[in-house]
Amino acid sequence: MFLTISTTGTAERPATDLGFLLHKHPGKAQAFSTSYGTAHVLYPEADAERCTAALLLEVDPVALVRRGKGKGRGGAPDAALAQYVNDRPYAASSLLAVALSSVFSSAMRGVCAARPERAAEPLPLRIEVPALPARGGTAVVRALFEPLGWTVSAEPVALDTEFPEWGDSRYVRLVLESQALRLSEALRHLYVLLPVLDDAKHYWVSADEVDKLLRAGEGWLPGHPEQKLITSRFLSRRWSLTRQALERLELVRLAETDDADVEEIDNAVAAEAEEEEKPAPLAVQRRDAITAVLRERGAARVLDLGCGQGQLVQALLKDARFTEIVGVDVSMRALTIASRRLKLDRMGERQAARVTLLQGSLAYTDARLKGYDAAVLSEVIEHLDLPRLPALEYAVFGSARPRTVVVTTPNVEYNVRWESLPAGHVRHGDHRFEWTRKEFRAWADAVAERHGYGVQFHPVGPDDPEVGPPTQMAVFTRTSEKEAKAA
Ligand code: SAH
C-alpha cells in the first residue's frame, strides 16, 4: 500500500518545507512500526522545486489476523482461511489511513513549530494512490473529493493488462491536485475518505470512531453533499453510530448558522405567532390537559422532553408553582426558536433562573435529567423509529425516573375524522408510526410493568364514541423505587 504527497516550490519557499510540515526529514528514509506492520516514509525527490514524500505500508498479514482475533472479532469462523488469502494486506485503505494518522499525526493536526506560517496556508499539492479500492468506482471518487476543492483524476485499473477483455478491477489509480488546501486538511480528507472508498474496515468500529470522524471532518464534513454516505461507510454502516454522527454534524452546521438562517428562524417564529392568533384548538387543549395533570400532581420541577419550539415551556412559565422547567430537544434549530419565543436573553434574572433549555437526544441516558418531579413527552414518541423506542423508554423510565410521566401521542383511529387527511395517512411527515388506542395501551402497560410505574389513560380532544379522541394521553405514576430493568 502506497501513497505519495508532492508539492512544488521556489527558492524562497522551498518545496522541501514539506519535510517540516510532515515532521519527517527529507534526507533520510524512516520506518515506524504500527500494529499491522511497518510504515516507511521516504522522499523519492526533494529539492526546492519539487518534493515528494512517499508512505509505504508493509503489512504483516499474520499480525492483522491475530489482532482481529485478539479483539474477539476475527470474522466468521469459516472466514479463517479467507483472512489469510484476501487482499487486505495489499489494498486495505483503512490500514493506510490508520498509518497516515499515526505517522503524520502532528501534520494532520496542522502543528508545525518549525514552519507555523506554512502549516497555516494552502500549498500546491499532488497526491497519488496507485491502487485504491473504490466501491462505486470513479463516480464516487469524484463525488467525494471534488466538493473539497480537489481536481480529481481517477482511472479504473484493468484487472489484467494482458487480458483487457476481463474488464476493470475494483481499483482506481487516484491523483488529486489542489492549490487551495492546507496539508492538514488534505491529510484529514485522506484519513476519512480512503476507508470510505474501500468500504471495509480492518478493525471493529466502536463508538469512539464517531469522535474520530468528527475531529477529522472538522471544517469540511458538515455540509459535504455526500455527508451521509461518508458517515455511514466510515462507521461501517453501523446505523446507531451513523445516526449519532449525523445528529452531531447537524448541530455543528446549525452552530455555524449564518444571518440568512437567523432571518429564516425569525420568519418561522413570526409565522407561528400569527397562526396562534387563530385558535389552534387541539394543541391548546393538549397543553391545558398536560398542565392540569402537572398541577394536580403538585409537580414543581418539570422536564419537557422533546420540547420542540417551547410552547409548553412558555405556558408553564406563566404559573409560578412550576419552579424549574427544563426543555430538552435534539434539534438545535427547535431550541433556537424556543429561546427566541421565550425571549430568554431579555428575561429578568428570577424568571430566567426557572428555565433551562438543553440539547440532547432522548435515545441516550442523561444524568442531567435525574431527580425531577415530572416529565412530559408531548407528541414525541411517534417521532422515533420503533426500534429506538426501547432506548427512550430506558432513558426516561429506567434512568431519569421522575415520579410522574405524561405521554401524549396521536390516536390513529381518529384520522378518519380529519377531513383533510387521506385515508391511511399519518398526520405529520415525520411521524414514524401512529398507534391505535389498543397499541398505545399495550406499550404503556408494558413500560409501566417493566419500570415500576402505574398508568392511567385520558382522552384529549373530543372523545368520539367510535374512534376515540384525536390525542391519547397516558399518565404514569412511579410506584416503586426499585432499580429499573433494561427494556
Ligand atoms: N413537545 C412539542 C413538540 C413535539 S414535535 C409539542 O408537543 O408540540 C417532536 C419533537 O421531538 C421535535 O422537536 C423533535 O426535535 C423532538 N425529538 C425527536 N426525536 C428526539 C430525540 N431522540 N431526542 C430528543 N428530541 C427528539
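In the predicted model, the side chains of Arg126 and Glu128 meet in a salt bridge, with an N to O distance of 2.9 Å. The two partners differ in burial class: Arg126 counts as partly exposed because its relative accessibility is 28%, whereas Glu128, with a relative accessible area of 17%, is buried. The cut-off for burial is a relative accessible area under 20%.

By the rule applied, the count of salt bridges comes to 27. Another of them joins the side chains of Arg142 and Glu146, at 3.4 Å from N to O. Arg142 has a relative accessible area of 30% and is therefore partly exposed; Glu146, at 39% relative accessibility, also counts as partly exposed. A salt bridge is also formed by Glu466 and Arg417, whose closest N and O atoms are 3.7 Å apart. This pair links distant parts of the chain, since Glu466 lies in the loop between strand 13 and strand 14 and Arg417 in the loop between strand 12 and helix 19, 49 residues apart. Glu466 is exposed, with a relative accessible area of 61%, and Arg417 counts as partly exposed at 35% relative accessibility. Elsewhere, Arg13, Asp17, Arg115, Arg118 and Glu121 are joined into one network by salt bridges that share partners.

Arg115, a member of that network, also has its charged end over the ring of Phe20, 4.0 Å from the ring centre. A similar arrangement involves Arg301, the charged end of which sits over the ring of Tyr372 at 4.4 Å from its centre.

A search of the whole structure for aromatic pairs finds ten. In one of them, Trp435 and Phe440 are tilted, with 6.4 Å from centre to centre and 35° between the planes. Both Trp435 and Phe440 are buried. Phe440 also pairs with Trp443: the ring centres are 6.2 Å apart and the planes lie at 20°, so this pair is stacked. The limit for stacking is an angle under 30 degrees. Phe440 and Trp443 are three residues apart in helix 19 (residues 437-451), and are therefore separated by about one helical turn. Trp443 is buried, as is Phe440. Trp435, Phe440 and Trp443 belong to one aromatic cluster, which also includes Phe397, Phe433, Tyr453, Phe457 and Phe476.

Helix 19 has 15 residues, which at 1.5 Å a residue should span 21 Å; the end C-alpha atoms are 21 Å apart, in agreement with this expectation. The buried residues in helix 19 are Phe440, Trp443, Ala444, Val447, Ala448 and His451. Seen down the helix axis, the buried residues of helix 19 fall within an arc of 130°, and they therefore line one face of the helix. The face turned away from this buried side carries the exposed residues Lys438 and Glu449.

The buried residues of helix 19 pack against helix 18 (389-400) and against three strands, namely strand 12 (404-410), strand 13 (453-460) and strand 14 (471-478). After helix 19 comes Gly452, which has a positive phi, near 75°.

Key:
Residues are numbered from 1 along each chain as its sequence is written. This is a predicted model: local features need pLDDT of at least 70, side-chain atom pairs count only at pLDDT 80 or more; totals for chains, interfaces and linings use all residues. Side-chain values use heavy atoms; hydrogens and water are left out. Rings of Phe, Tyr and Trp (its six-membered ring) pair if their centres lie within 6.5 Å; planes under 30 degrees apart count as stacked, over 60 as edge-to-face and the rest as tilted. Buried means under 20% relative accessible area, exposed over 50%, partly exposed in between (1.4 Å probe, protein chains only). Helices (H or I, at least four residues) and strands (E, at least two) are DSSP runs, numbered from the N terminus. A charge sits over a ring if NZ of Lys or CZ of Arg is within 6 Å of the ring centre and within 35 degrees of the ring normal. The expected span of a helix is 1.5 Å times one less than its number of residues. The arc is that of the directions from the helix axis to the C-beta atoms. Contact means heavy atoms within 4.5 Å. A salt bridge is a side-chain nitrogen of Lys or Arg within 4 Å of a carboxyl oxygen of Asp or Glu.
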